[in-house]
Amino acid sequence: MPELPEVEVIRNELKSKLINQRINDIKIFWHKTFVNLCSELPNDNKIADIERLGKYIVLVLDQNFLVIHLRMTGQLIFSQNENFSRDHLRLSIHLQSGNILNFYDIRKFGRIYHVPDLNSLFTNVGIDALSQKFTNDYFKELLRNHKRGIKSFLLDQKNIAGLGNIYIDECLFLSGIHPKKLTNEINNKSAKQLHINIKKILNLAIGNMGTTISDYRTTGGGFGRNQNFLKVYKREGNSCFKCGSIIKKTRINSRGTHFCPVCQPENGVLQ
DNA sequence: GTCGTTGTTACTTC
DNA sequence: CGAAGTAACAACGA
Ligand SMILES: [Zn+2]
């Protein structure tokens, strides 16, 4: 279930495969996957560019946009022929070159929106975590203006776009911040550390081609490698790489949350 | 049969 | 209003 790094890897791979290609036809196999808010289908449109905001991939067409969100189990797999699996195939974008971009999605939560503009779709999406606009000062202000558990705050895409459950646990561990620490009680030093680590961890994960825990695949169907470098996610019961304590797992926002009780003390007090 | 799962949104309650 | 909790979406594997 992809977060910013996985989406960015897919975007980079698709750029060379799709830009300047023309869409011939779209075949829909699960109706809810495709949300058409334009008067027509995107057939005959050229893909001019591919952008990303948070976990959204944006195919910029001549006239309008195709916006893709993979949600939990979405996969975009590129094929140069008709010889591909139809299992869990929800939609195919056929290009005039004969190549096909297939959208697989086991749980059917993913969506492909065809929209005339991006405003309505992105009203509740904040600044991208890897954007130049996401500065330390901006982050400090954002934290100060909310009183909310930091993990819950970071999961909310209207604050900062792109972080999800895995990378939030990793960023908070590396920064020594308890996931329930209130945003307005995080001091400037911790905020700066967290800001640096968010960028660092996301960029490292992109370099490792993303994290494959179960369903994430690159556009060639390959695995990422970043799952081999996680420090706390899925490591409950194992020793902390920093201090040797046992990594704990709890539930925050009904999400599995992994942390070291010594390196990330609640209320700044060792437990 | 039950539980948990990398996401988002609507809804309720405080 | 903000924040927190829950269900819903839906399918699979342990
Ligand atoms: Zn530790």
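A residue is called buried when its relative accessible area is under 20%, exposed when over 50% and partly exposed in between, with a 1.4 Å probe and protein chains only. The model is predicted, so local features need pLDDT of at least 70 and side-chain atom pairs count only at pLDDT 80 or more, while totals for chains, interfaces and linings use all residues. Residues are numbered from 1 along each chain as its sequence is written, chains are lettered from A and ligands numbered from 1 in the order in which they are written, and side-chain values use heavy atoms, leaving out hydrogens and water.

We can begin with helix α4, residues 165–175 (helices are DSSP runs of H or I with at least four residues, strands runs of E with at least two, numbered from the N terminus). Ten of the eleven residues of α4 are buried, among them Ile-166, Ile-168, Leu-172 and Phe-173. These buried residues pack against α1 (4–18), α3 (150–155), α5 (188–207) and β13 (255–259), where contact means heavy atoms within 4.5 Å. After α4 comes Gly-176, with a positive phi near 65°.

Turning to the DNA, the residues around strand C (a heavy atom within 4 Å) include Trp-30, Lys-32, Arg-107, His-146, Lys-147 and Arg-148. Of the strand C atoms that come within 4 Å of the protein, 67% belong to sugar and phosphate. By class, this surface has five charged residues (Asp, Glu, Lys, Arg), three nonpolar (Ala, Val, Leu, Ile, Met, Phe, Trp, Tyr, Cys, Pro) and four polar (the others, including Gly).

Phosphate oxygens of strand C also take part in polar contacts (N or O pairs within 3.5 Å; within protein, one able to donate a hydrogen and the other to accept it, and sequence-adjacent residues counting only if both atoms are side-chain atoms). A polar side-chain atom of His-146 lies 3.2 Å from one such oxygen, a backbone N or O atom of Lys-147 lies 3.0 Å from a phosphate oxygen, and a side-chain N or O atom of Arg-148 is 3.3 Å from a phosphate oxygen.
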